[in-house]
Every structure is written in structure tokens, then in C-alpha cells.
Amino acid sequence: MKRSNTFLLTMLGFGFAFFYVPILSMIVYSFNASRLATVWGGFSTKWYGTLLSNAQVGKALTLSLEIAVISSTTATILGTMAGIALARFTTFRGRTLFSGLVTAPLIMPEVITGISSLIFFILLGQYLGWPAARGFTTVTLAHITFSMVFVTTIVQSRMLSADRAIEEAAMDLGAKPWQVLRDVTLPVISPAILSGWLLAFTISMDDVVITNFTTGPGTTTLPILIWSKVKLGVTPDINALATLIVLTVGLCVLAAGVGMNRAERRAERDRRLAYRANQ
Amino acid sequence: MIARWFHRKGWSDLVIGLPYVWLLIFFLIPFLIVVGMSFATRTSTAPPFGFGGENPLVNLAGYARLFSDTLYIRAFVTSLVNAAGAMVLCLLIGYPMALGLTRVDRGWRNILLMLVILPFWTSFLLRVYAWMGLMGSNSWFNKLLTAGWNILVPQAWAVANVPLMHSNFAVVLVMVYTYLPFMILPLYANLERLDPTLDEAAMDLGSRPFAVFRDVTLPQSIPGIIAGGMLVFIPAAGELVIPTLVGDSSAPMIGRVISDEFSSARDWPMASAVAVALLILMVGPMMIYARFDARAQARERQA
């Protein structure tokens, strides 16, 4: 038993080194004074200066945030509706097609989603005159479509594990179905809605492939800007940008994780206290 | 009037109808257009396709080229081999990690799990980029590998640096790096639920630790292996970003071929035919995944 544990712990250590050495190396090299991105030439923070004085980066970041906020909010509303529909309405016309439509975007290769959206928007523009050009609107529409199904998955599984008795109690007390939804169901699934929003936001902020197909000249999101630079090779200012992004996201996720861990422990303690008080 | 309609039936129609119509317009119709496009004929008009000429409605030339032009067959083979390689390596690295996670105590476990998920929340593109920095011929990592290689092999095989970048190996390595969490998480969820008393019973009956693993743990974790495997294989087979950045451009993967046919060659019907063929190839793995996922969820609901 002991020997097998040593092996497993060694593999864990190796795995975490594999996860984090590339990222740490990138962070270290963002402080490289040399213009050659992979040869160490002394410590310097000059690439951060270069980065901060680059107006393109700021513009791309603002654009990405705008698209991510609009698309993830819309995707959360639509995705939550779809999750509620699939979890609560077991029979309606076209349910099989609907559940297929909700699963398919999850496993569809991004290239295909990207190309089909692009062809769709081009043909729409050609025959209906809208959208006249590709850019902010088309990117946002595409982001909503492929991120809403992630929200649906999260909301649906939360709905299925939620206690239906509370909803039935509200119904027995005379609440109309719509009031039950507003006053009981939505508050119960609100944590799932929040994590759905966060996931949709992250997916939108991170997307390269679908954005690359649906965007037009002048609409350069942050990932598209990085993509166009990275295709040419490793540069020190991208190392600096990557470091800032990784550290920002990492700290946010860590803070959220620590917060959730603490809330979970508090809930556990409360439950134990309540149990003891009832004895 | 409207309020009454809303309270009686309208709200449920809205909850079903809005997302339904959205997905029909922005997902199903574009997808059907691609399927239809794959039977069209390439023209020099804008948009560059049409129906007419020798094959007015159904032109199977694109599908015929899939089998006659070796470019496509090679691209499909490269994609499937790379995705399968990434899946197997993810399993070999991810399985011991997932099993190891079930053996550390609770407090540490949550921290380590978070460290597994953390890279997933940071930018995908930047994780690929991090490896570009490591694999370049002047990087410390490449120098380390080169030194190791030159010590281990006979003098005649010595190299100035290991050619990592722009190879299929680089593609598989980076795929393993970016998709490993998809393997670890379902495996961990599966392994964590196993009953430890079964292990103890096997041990009491005289099994050695490896035999316990082979006869007790491994068979019970097959649903987790399949779920994780498909979660790695499906996106890896259609991957575009990784092969574009670190792959060998003379042996492209299928995602790259679709994108090039579409953008550079402006052959929409051919790009669509390749896309449809990729989806048909993916149907098998997707159905396996859906089956096991449905079964796992049913079990969870019972518990």
C-alpha cells in the first residue's frame, strides 16, 4: 500500500510540475531584458512599459470585455430558460430536437461552428442586407450561441438535483406556476446561474477560433490580437501580457475557490451544530 | 389580456420558445447550410458557390475528392493519430494523478483539485504559447533536453538541438498539456465514489497492491476512463489553434484543412464536405460518450 502511494504522489508531483513549469517559465521570461524572447539577458521590467504604452492592447481588452459582458449576460438568460425548460417540462412538442440542439454545440468542433456561422452571416448580409458587415454584432451573436449551452448544462443539472418538494409546497399554498418560478426556483438555482455566467464570460473572453471567423476588420478582440502576434513567434511583450492575464485570472479563481471552500466549511459546521441541537 | 395569457401558459411557452428559436436560427440553420453547401458546386461568383451545371442539385465531387486526393486522407489520419496519442498519454498521466488525488487528505485535496482546474480558466491560447517558449531551439528546456539526449545516446547521434517545434510530437505534447484537466476531473469523480472497503477486502484475501488495482479499481473506473478519453479525443481531433501554432504545416490536421479550404482556397463546397466528413467520423466517439454520460447521470440520481 505504502509503495503504491509513493508512486501516486510522485506522479501527482510530476503532473503539477508539467502543469505549472511552462507558465512559470513564461512569467520569468517576461522580466527578460533581452529582445530575444527565449535567451536570458538580465532582469528588466521594460516589456511591461512597452505593453502599457501600447494603445492597441487597451482597445482590444475593452472590446473583449464589452463583448463578453453582453454575450454572457444574454447567454445566461437564454441558457437558464433552456435549462429550466429541459428539467421541468418533460413533454412538449420538439423536445428531442431541443435537447439535441442544446448538446450539439458542446461537442461540435470549433472550426465547423466558426465556418457555419460565417457562411450564415455572409448569406444573411447578401440576401437580407443585414448584417451589412461583420464585426461587433456578429461576434456577439456567435458567442451567445455557443456559450448559452454551457449555462444550460449547469442549470439543468442543478435543477435535477434540487428538491422539488419546495416548489410543490409553494404550488399547494396557491402560488401560480410563474410565481413559483420567480420566488422559489430562481433563488434556489441562483448559484448555478452565477457559475453559468462566469463560465460564459470566460469562454467569450478566451475564444479565438469562432471569433476569428465571425469578426471583421476593425473588430480586434484581445485573443485575436494575441493570436495574430503569436503566429509570428514568441516575443517578450506577449510574455508580459500573458503574465498579467494569467496572474489576474489566477488570483480571481483562487479567491473564488478559497471563498467557496470557506463557505462550504461554514455550512458543514452549521449543519453539525443544528444536528447536535436537535438531539 | 396579455397578463392572463402570460400567467396561464405564456411564461412556459416563452421559457421553451426563446432559447429554442435562438438555437434554430443561429445553430441549426447555419449547420444545415454547411450540409447543403457540401453538395454545391464551386463558382467564381460571390459568394463562391452555386447550384447548376452538370450536377444541378447534388454535386458529389467534393466527397469524391475526399477519397481520391491523398491530402484529405492524410489529414484525417494525422488528426485521428494525434488525437488518439493525446488521449492515451492523458490517460497514462491523468489516471495516476486522479488516483493520487483520492489518497491525499481532504484539506489538501481541495487545494490540489483547484490547481488542476486553474489552468483551465486561464487563456487556452496562452497555455499553447507558454509551450512555444519552452520548445524553441534556444530555450532552456530545449537545451536541457538536448544535453540529456547527447549524454544518453552514442556520439554519432548527437544533435545541436532537439527539433521540437513544428512537429506532430509538439502537437500531441501541447494537446496533452491543454486537455489533461478534462481527463483528470471525470476520472477523479469516478474514483472518488468507489468503495474503499472493496480494496481492503481484496487485500485481506491476499492480493498484492498491483493486483488490487488491476482486479478491483481499474474495472470499476472504466466509465471514468471512457468519459475522460472522449472529452480529450473529440476536441483534439478537430483542433485548429495548436496545429497552427506548433504543428508541422506540411502534414496538416483536418481543422487546418477546413480552415484553409475555406479562407485561402475560397472553396466553400469543399470545406463543407470536409467538415461534414469530420462530423461523421466524430459521431461514433460522441455516441459512446453520450451513452456512458447518461448512464453515469442515472446512477448519480439513484444514489
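Where is the place of B:His166 in chain B? I will start there and work outwards, and please keep in mind that this is a predicted model throughout.

B:His166 sits in a loop of chain B, the one that runs between helix H6 (140-152) and helix H7 (168-192). Its phi is positive, about 55 degrees, although the residue is not a glycine. As to burial, B:His166 has 17 other C-beta atoms within 10 Å, so it counts as partly exposed.

There is a second case in chain B. B:Arg266, also not a glycine, has a positive phi near 50 degrees. The loop in question lies between helix H12 (254-263) and helix H13 (268-302) of chain B. B:Arg266 has 15 other C-beta atoms within 10 Å and is therefore partly exposed.

While we are on the backbone, chain A has a cis peptide bond, from A:Trp130 to A:Pro131, with omega near -5 degrees. A:Pro131 falls in the loop between helix H5 (110-128) and helix H6 (136-161) of chain A.

Now the helix that follows B:His166. Which residue of H7(B) marks its bend? The bend is at B:Tyr179, by about 50 degrees, and a proline, B:Pro181, follows within four residues. The end-to-end length still agrees with expectation: at 1.5 Å a residue the 25 residues of H7(B) should span 36 Å, and the end C-alpha atoms are 35 Å apart. H7(B) is mostly covered, with 20 of its 25 residues buried.

That brings me to the nonpolar core. The largest one has 148 residues, and the members that touch the most others are A:Ile115 and B:Val246. H7(B) gives the most to this core, 16 residues. From chain A, domain 1 (54-233) and domain 2 (234-279) each provide at least three residues.

What does A:Ile115 touch, leaving aside its neighbours within four places in sequence? One contact is A:Phe213, and the others are in chain B: B:Val34, B:Ile258, B:Phe262, B:Ala271 and B:Ala275. Two of these, B:Ile258 and B:Phe262, also appear among the buried residues of H12(B). H12(B) as a whole is mostly covered, with 8 of its 10 residues buried. The buried set includes B:Arg256 and B:Glu261 as well.

B:Val246 comes up again through B:Trp131. B:Trp131 belongs to helix H5 of chain B. Is B:Trp131 buried or exposed? It has 25 C-beta neighbours inside 10 Å, so it counts as buried. Not counting residues up to four places away in sequence, B:Trp131 touches A:Pro22, B:Val174, B:Tyr177 and B:Val246. B:Trp131 and B:Ala170 are 39 residues apart in sequence, yet their C-alpha atoms are 8.9 Å apart.

For contrast, take B:Gln220, in helix H9 (residues 209-220) of chain B. B:Gln220 has 14 C-beta neighbours inside 10 Å and so counts as partly exposed. B:Gln220 and B:Met230 are 10 residues apart in sequence and 18 Å apart in space, C-alpha to C-alpha.

Next, the interface between the chains. How many residues of chain B are in contact with chain A? There are 64, and they meet 69 residues of chain A. On the chain B side, at least two residues each come from helix H1 (2-37), helix H3 (70-103), helix H4 (106-121), helix H5 (124-135), helix H11 (241-246), H12 and H13. H1(B) has the largest share, 19 residues. By residue type, this side of chain B divides into 50 nonpolar, 13 polar and 1 charged.

Last, the domains of chain A. Chain A is divided into domain 1 (54-233) and domain 2 (234-279). Their C-alpha centres lie 24 Å apart. What is in contact across that boundary? On one side there are 5 residues of domain 1, and on the other 4 residues of domain 2. Helix H10 (residues 222-230) of chain A gives the most to the domain 1 side, with 3 residues. That side divides into 3 nonpolar, 1 polar and 1 charged.

To close, back to the helix after the opening loop: H7(B) bends at B:Tyr179, is mostly covered, and gives the most to the largest nonpolar core.

Key: Residues are numbered from 1 along each chain as its sequence is written. Chains are lettered from A and ligands numbered from 1 in the order in which they are written. This is a predicted model: local features need pLDDT of at least 70, side-chain atom pairs count only at pLDDT 80 or more; totals for chains, interfaces and linings use all residues. A residue is buried if 20 or more other C-beta atoms lie within 10 Å of its own, exposed if 12 or fewer, and partly exposed in between; C-beta atoms are placed from the backbone. Two residues are in contact if their C-beta atoms, placed from the backbone, lie within 7 Å. Ala, Val, Leu, Ile, Met, Phe, Trp, Tyr, Cys and Pro count as nonpolar, Asp, Glu, Lys and Arg as charged, and the others, Gly among them, as polar. Domain bounds come from an automatic or database domain assignment. The expected span of a helix is 1.5 Å times one less than its number of residues. The bend at a residue is the angle between axes fitted to the seven residues ending there and the seven starting there. A nonpolar core is a set of buried Ala, Val, Leu, Ile, Met, Phe, Trp, Tyr and Cys residues joined through C-beta atoms within 7 Å.
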